[in-house]
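Got your viewer open? Load the model below and let's walk through it, one selection at a time.

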Amino acid sequence: MRFSYTEAQVRNSTVFLFLLISFHKKYKYLSFLLFFIAPFGFLLFSYEHGYLKLFLFLLFFFSITHSFPVARLRKRHGVLKRKLGERAGTTTVKGVIMDRAKQQNRSLTHTQMKSAVEKIVLSLFTQNEKKELTRFSEAYRLAGKTLFKLPNNLLGLKLETSYGGQYGQSYFVVIEYDSKQSLLKVKNTSLPYFIPTKRIEEQFLNKNVKTFSYYLSKYVNAYVSRQQQFFWLKDNGLEPECTESFDYAKITLTHNRKVLSILMIYDDISQSLPTRVTVTEEENKKKRYKTFENALMERPIPEVWPLFIH
């Protein structure tokens, strides 16, 4: 039986379609069925029935549209298979224990195995907790504050001070929990008495410990900064008259053969710079040195002092 060119082309396409479907594991039974029907299809093609051609076209379209999801499924199958292989190659805690027991020619009961696994897991958690506490402590130390646990359910707060890029004296605050009032309270502290610890405690301790430590650190660092500035004056041969908190100071010095009197007042002791400064001559109190006054209110004493010696 002779076929026209167009019919032969369609026939070949149909055979290709059957082969394509046969590669689909999901449709393997359908492909076998189509191969049995194929000879009858070829005979019918000679009569150029349009409905059969439409059927084969739809069948071809069905095969093509399903080839892409199958490809994706096969790709996912490969990924899952690789992951499964990697997981099978990993070492488990139980596997390590069994290997060691075999090396020592020992056999472990179920209870012994469970106990050994629990000990190893607990050890791992303990090591991880220590690492986290170390990181936590280091992070707070960089900020000048360190929180740490104390016996009897107490919490310690270490406040580190610095001046001129160097660490100074450290101060400590011990915090306790009052179970009757369900509140945190400051039990003890090495902070100077003039720092308003009680006020800061009432405002921030039970709201935000971080804010509480921030303000304490701010006050204590400002105190150390003022202290070190006046100590610097003593190291340079002057004798400033200061209060214990260094919130008031009087300095006498000679400038261009004139004796100057410097009065520095710190109304806000959370700051390291004075809020009020007067620089006058001893012999003429009405004459003020505004340039010196403004400079002392804007910059630390060691930075301003060259103005007085030139």
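**Stop one: the S5-S6-S7-S8 sheet**

Begin with S7 and S8, which pair in the antiparallel sense through 6 bridges. Keep in mind as you click around that this is a predicted model. To land on this pairing, pick Leu263: opposite Leu263 you'll find Thr278 of S8.

Now widen the selection to the rest of the sheet. You should have an open sheet of 4 strands, ordered S5-S6-S7-S8 and paired antiparallel. Strand S5 (241-242) and S8 each have a single partner strand and stand at the edges, so one side of each is left without a neighbour in the sheet.

**Stop two: helix H8**

Next, show H8, which lies across S6, S7 and S8 and runs at about 150° to S8. Which residues of H8 are buried? Select Phe292, Glu293, Ala295 and Leu296, the buried residues of this helix (residues 290-298). They take up an arc of only 165° around the axis, which means they sit on the same side of H8.

What covers those buried residues? The cover includes strand S6 (248-255), strand S7 (258-265), strand S8 (276-281) and helix H9 (301-304). Then spin the view to the face of H8 turned away from its buried side, where the exposed residues Thr291 and Glu298 are carried.

**Stop three: the S1-S2-S3-S4 sheet**

Move on to another open sheet of 4 strands, with the order S1-S2-S3-S4 and antiparallel pairing. Its edges are strand S1 (145-150) and strand S4 (183-189); each has a single partner strand, so one side of each is left without a neighbour in the sheet. Look along the strands here: neighbouring ones are turned by 30° against each other on average, direction ignored.

Zoom in on S1 and S2, which run antiparallel and are joined by 6 bridges. Leu150 is a handy pick, standing opposite Leu154 in S2. The hairpin of S1 and S2 has 3 residues between the strands, and Asn152 takes a positive phi near 60° there.

Now slide over to strand S3 (residues 166-178) and S4, an antiparallel pair joined by 6 bridges. Select Ile175 and look for its bridge partner in S4, which is Val186.

**Stop four: helices on this sheet**

Which strands does helix H7 lie across? Select H7 (residues 209-235) and you'll see that it lies across S1, strand S2 (154-163), S3 and S4. Its direction is at about 35° to S2.

Add H6 to the view: H6 lies across S3 and S4, running at about 155° to S4. Within H6 (residues 197-205), click Thr197. Is Thr197 buried or exposed? Its relative accessible area is 10%, and the cut-off for buried is under 20%, so Thr197 counts as buried. Leaving out residues up to four places away in sequence, Thr197 touches Leu191 and Leu216.

**Last stop: the whole chain**

Zoom out and show everything. In total, the chain has 9 helices and 8 strands. Colour by burial and you'll find that buried residues make up 29% of the 310 residues. Switch on the surface next: the accessible area comes to about 21,900 Å², with 57% of it belonging to carbon and sulfur atoms. If you'd like a contact map too, take the contacts between residues at least 6 apart in sequence; 36% of them join residues at least 24 apart.

Notes: Residues are numbered from 1 along each chain as its sequence is written. This is a predicted model: local features need pLDDT of at least 70, side-chain atom pairs count only at pLDDT 80 or more; totals for chains, interfaces and linings use all residues. Side-chain values use heavy atoms; hydrogens and water are left out. Buried means under 20% relative accessible area, exposed over 50%, partly exposed in between (1.4 Å probe, protein chains only). Helices (H or I, at least four residues) and strands (E, at least two) are DSSP runs, numbered from the N terminus. The arc is that of the directions from the helix axis to the C-beta atoms. Contact means heavy atoms within 4.5 Å. Accessible areas come from the Shrake-Rupley method with a 1.4 Å probe; for residues, only the protein chains shown count as cover. Two strands pair if DSSP finds at least two bridges between them. Axes are lines fitted to C-alpha atoms, for helices over the stretch in contact, and angles run from 0 to 180 degrees between N-to-C directions.
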